[in-house]
Amino acid sequence: MPVLTKPPDRPIHLDPGRCLLFVYGQLQPGLKQPRSTSRAWPDRVRGLLYDLGAFPAAVKIDAGEQWLRGFVLEIAEVELVGELDSYEEVDKGLYRRTRTTTEAGFEVWVYEYARPLPPAAVGPIERWPANPG
């Protein structure tokens, strides 16, 4: 699966049953990325990102002037709905899946943290982990 160094030229063609997901945490390339990922590229979305230790939390998607860094992944819609919603505990109210537009102009799904931030949350930060490597 290729990870591009920059976003592709728009518009892009998505095959039926495929969608775009913006990821900023454990689903990033090199970590636990979705198995149906066919391509990925770096991009940013408006919002605030916090480090909760084992995972990050993006809040206030589309609000304000701050950007958070991550990747756009092209994945299968069945994996998004059938597996990733469960992984992100959407049914338990931990995250909610919402739509946004990236800095490069791609309409994507993104998981937004749906609970109050814990007192130990660190941030806002631009990317997670703060020191990748």
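**Exercise 1. Unusual backbone angles**

In which loop is the place of lysine 60? Find this loop in the predicted model, then describe the backbone and the exposure of lysine 60 and aspartate 62.

*Solution.*
Step 1: Start with the location. Lysine 60 has its place in the loop between E4 and E5, and aspartate 62 is found in the loop between E4 and E5 as well.

Step 2: Recall a general rule. Most residues other than glycine have a negative phi, and most peptide bonds are trans.

Step 3: Check phi. For lysine 60, phi is positive, about 55 degrees, although this residue is not a glycine. Aspartate 62 also has a positive phi, near 75 degrees, and is a residue other than glycine.

Step 4: Look at accessibility. Lysine 60 counts as exposed because its relative accessibility is 52%, and exposed means over 50%. Aspartate 62 has a relative accessible area of 46%, so it is partly exposed.

**Exercise 2. Cis peptide bonds**

Locate the cis peptide bond that leads to proline 11 and the one that joins tryptophan 128 and proline 129.

*Solution.*
Step 1: Go to the segment before E1, where proline 11 has its place. The bond from arginine 10 to this proline is cis, and its omega is near -5 degrees.

Step 2: Move to the segment after E8, where you will find proline 129. Its cis bond to tryptophan 128 has an omega of about -10 degrees.

**Exercise 3. A glutamine in a loop**

Is glutamine 28 buried or exposed? Work out its surroundings, too.

*Solution.*
Step 1: Place the residue. Glutamine 28 sits in the loop between strand E1 (18-23) and strand E2 (39-46).

Step 2: Apply the cut-off. Buried means under 20% relative accessible area. Glutamine 28 has 9% relative accessibility and therefore counts as buried.

Step 3: Follow the side chain. It reaches the backbone oxygen of glycine 25 at 3.0 Å.

Step 4: List the contacts, leaving aside neighbours within four places in sequence. Glutamine 28 then touches Val23, Gln33, Gly70, Phe71, Trp128 and Pro129. You met Trp128 and Pro129 in Exercise 2, joined by a cis bond.

**Exercise 4. Strand E7 and its partners**

How do E1 and strand E6 pair with E7: parallel or antiparallel?

*Solution.*
Step 1: Remember the basics. Strands of a sheet pair through backbone hydrogen bonds, either parallel or antiparallel.

Step 2: Take E1. This strand pairs with E7 in the parallel sense over two bridges, and phenylalanine 22 stands opposite valine 110 in E7.

Step 3: Take E6 (residues 95-101). Seven bridges join this strand to E7, and the two run antiparallel. Arginine 96 is found opposite glutamate 112 in E7.

Step 4: Inspect the turn. The hairpin of E6 and E7 has five residues between the strands, and glycine 105 there has a positive phi near 95 degrees.

Step 5: Ask how enclosed E7 is. Five of the seven residues of E7 (residues 107-113) are buried, so the strand is largely enclosed by the rest of the structure.

**Exercise 5. Rings and charges**

How many aromatic pairs does the structure hold? Describe the one formed by tyrosine 95 and tyrosine 113.

*Solution.*
Step 1: Count. There are three aromatic pairs.

Step 2: Describe the geometry. Tyrosine 95 and tyrosine 113 pair edge-to-face, with 5.4 Å from centre to centre and 75 degrees between the planes.

Step 3: Place the partners. Tyrosine 95 lies in strand E6 and tyrosine 113 in strand E7, so the pair ties together parts that are 18 residues apart in sequence. Both tyrosine 95 and tyrosine 113 are buried.

Step 4: Widen the view. Phe55 joins Tyr95 and Tyr113 in one aromatic cluster.

Step 5: Turn to tryptophan 109. The charged end of arginine 97 sits over its ring, 4.4 Å from the centre, and arginine 99 lies over the face of tryptophan 109 at 4.5 Å from the ring centre.

**Exercise 6. An open sheet**

In what order do the three strands of the open sheet stand?

*Solution.*
Step 1: Read the order. The strands run E4-E3-E8, with antiparallel pairing.

Step 2: Find the edges. Strand E4 (56-59) and strand E8 (122-125) each have a single partner strand, so one side of each is left without a neighbour in the sheet.

Step 3: Add the twist, which averages 25 degrees from one strand to the next.

Step 4: Zoom in. E3 (residues 48-51) and E8 are paired over two bridges, and aspartate 51 stands opposite valine 122 in E8.

How values were computed:
Residues are numbered from 1 along each chain as its sequence is written. This is a predicted model: local features need pLDDT of at least 70, side-chain atom pairs count only at pLDDT 80 or more; totals for chains, interfaces and linings use all residues. Side-chain values use heavy atoms; hydrogens and water are left out. Helices (H or I, at least four residues) and strands (E, at least two) are DSSP runs, numbered from the N terminus. Buried means under 20% relative accessible area, exposed over 50%, partly exposed in between (1.4 Å probe, protein chains only). A polar contact is a pair of N or O atoms within 3.5 Å; within protein, one must be able to donate a hydrogen and the other to accept it, and residues adjacent in sequence count only if both atoms are side-chain atoms. Contact means heavy atoms within 4.5 Å. Two strands pair if DSSP finds at least two bridges between them. Rings of Phe, Tyr and Trp (its six-membered ring) pair if their centres lie within 6.5 Å; planes under 30 degrees apart count as stacked, over 60 as edge-to-face and the rest as tilted. A charge sits over a ring if NZ of Lys or CZ of Arg is within 6 Å of the ring centre and within 35 degrees of the ring normal. Axes are lines fitted to C-alpha atoms, for helices over the stretch in contact, and angles run from 0 to 180 degrees between N-to-C directions.
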